[in-house]
Amino acid sequence: MTPDEIAGTYRLISWHAESDDGISWEPFGPGTRGLITYTFEGRMAGMLMKADRPASSASNLPAAPQAEQAQMAAGYLAYAGSYSVTGSTVIHHVELSLFPNWIGTDQVRHITMTEDGDMVLSTPPSVSRSGKTVVSRLRWRRLD
């Protein structure tokens, strides 16, 4: 794959995680929404959110009570930066992230293109808090 082949904006179709014991789940629940954009200039931004996030009692984020802010963050994932492509791997070089631990890291994703043209990004296997090895697969459809 090349950056020119993946450049564009995509809408999330599904996000499933699977553990090494064969258990599969949707990390943000059913109906998770998301967008990811890859530019021709080598920049990227990705966002995921739970479908059922409740509205805040405040008119803007800084005015929201801390408990509401925590709930909002627990149902949202976003990061941006540059990207590079090597073979069937895309590497997101994270510059901004809701999760501060990712800033300055490389997030590696394996790319698979489906027969109907969707792009599936898979995470490398990682060990969860429960000690199981987990892989996430996010299926994206290019927007026209």
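**Burial, salt bridges and pockets**

Q: Why is D118 called buried in this predicted model?
A: D118 has a relative accessible area of 1%. Buried means under 20%, so D118 qualifies as buried.

Q: Which residues belong to the salt-bridge network that includes D118?
A: D116, D118, R139 and R141 are joined into one network by salt bridges that share partners.

Q: What makes R139 and D118 a salt bridge?
A: Their side chains come to 2.6 Å, N to O. The cut-off is within 4 Å for a side-chain nitrogen of Lys or Arg and a carboxyl oxygen of Asp or Glu, so the pair of R139 and D118 counts.

Q: What does the R139 and D118 pair tie together?
A: R139 is in strand 10, while D118 sits in the loop between strand 7 and strand 8, so this contact ties parts that are 21 residues apart in sequence.

Q: Why is R139 called partly exposed?
A: R139 has 25% relative accessibility. Partly exposed covers what falls between the buried limit of 20% and the exposed limit of 50%, so R139 belongs there.

Q: How do you know that D21 and K132 form a salt bridge?
A: Their closest N and O atoms are 2.8 Å apart, and the definition asks for within 4 Å. The pair also links distant parts of the chain: D21 is in the loop between strand 1 and strand 2, K132 is in the loop between strand 9 and strand 10, and they are 111 residues apart.

Q: Which class of exposure do D21 and K132 fall into?
A: D21 stands at 41% relative accessibility and K132 at 32%. Buried needs under 20% and exposed over 50%, so D21 and K132 are both partly exposed.

Q: What makes R43 and E95 a salt bridge, and where do they lie?
A: The side chains meet at 3.0 Å, N to O, which satisfies the limit of within 4 Å. R43 lies in strand 4 and E95 in strand 6, so parts 52 residues apart in sequence are tied together. R43 has a relative accessible area of 38% and E95 one of 40%, so R43 and E95 are each partly exposed.

Q: How many salt bridges does a search of the whole structure find?
A: Five.

Q: How do you know that strand 4 and strand 5 pair?
A: At least two bridges are required, and seven join these antiparallel strands. One example is G46, whose partner in strand 5 is Y79.

Q: What makes strand 5 and strand 6 a pair?
A: They share eight bridges in the antiparallel sense, against a requirement of at least two. V85 stands opposite V90 in strand 6. Their hairpin has two residues between the strands, and G87 there takes a positive phi near 60°.

Q: What is the volume of the largest pocket, and which residues are closest to its centre?
A: The volume is about 880 Å³. Of its 32 lining residues, W15, P27, L77, W102 and S136 are closest to the centre. Strand 10 gives the largest share of the lining, five residues. By class, the lining has 22 nonpolar, eight polar and two charged residues.

Q: What lines the second largest pocket?
A: Its lining includes R11, L12, R33 and G34. It holds about 160 Å³ of space, and strand 1, strand 3 and strand 4 each supply at least two residues. The lining divides into six nonpolar, one polar and two charged residues.

Terms used
Residues are numbered from 1 along each chain as its sequence is written. This is a predicted model: local features need pLDDT of at least 70, side-chain atom pairs count only at pLDDT 80 or more; totals for chains, interfaces and linings use all residues. Side-chain values use heavy atoms; hydrogens and water are left out. On a 1 Å grid over the protein atoms alone, a cavity is a set of points where a 1.4 Å probe fits but cannot get out, and a pocket is an open set with protein on both sides within 12 Å along at least five of seven lines; lining residues have an atom within 4 Å of a point. Grid points are joined across faces, edges and corners, and a volume is the space filled by probe spheres set on the points. Helices (H or I, at least four residues) and strands (E, at least two) are DSSP runs, numbered from the N terminus. Ala, Val, Leu, Ile, Met, Phe, Trp, Tyr, Cys and Pro count as nonpolar, Asp, Glu, Lys and Arg as charged, and the others, Gly among them, as polar. Buried means under 20% relative accessible area, exposed over 50%, partly exposed in between (1.4 Å probe, protein chains only).
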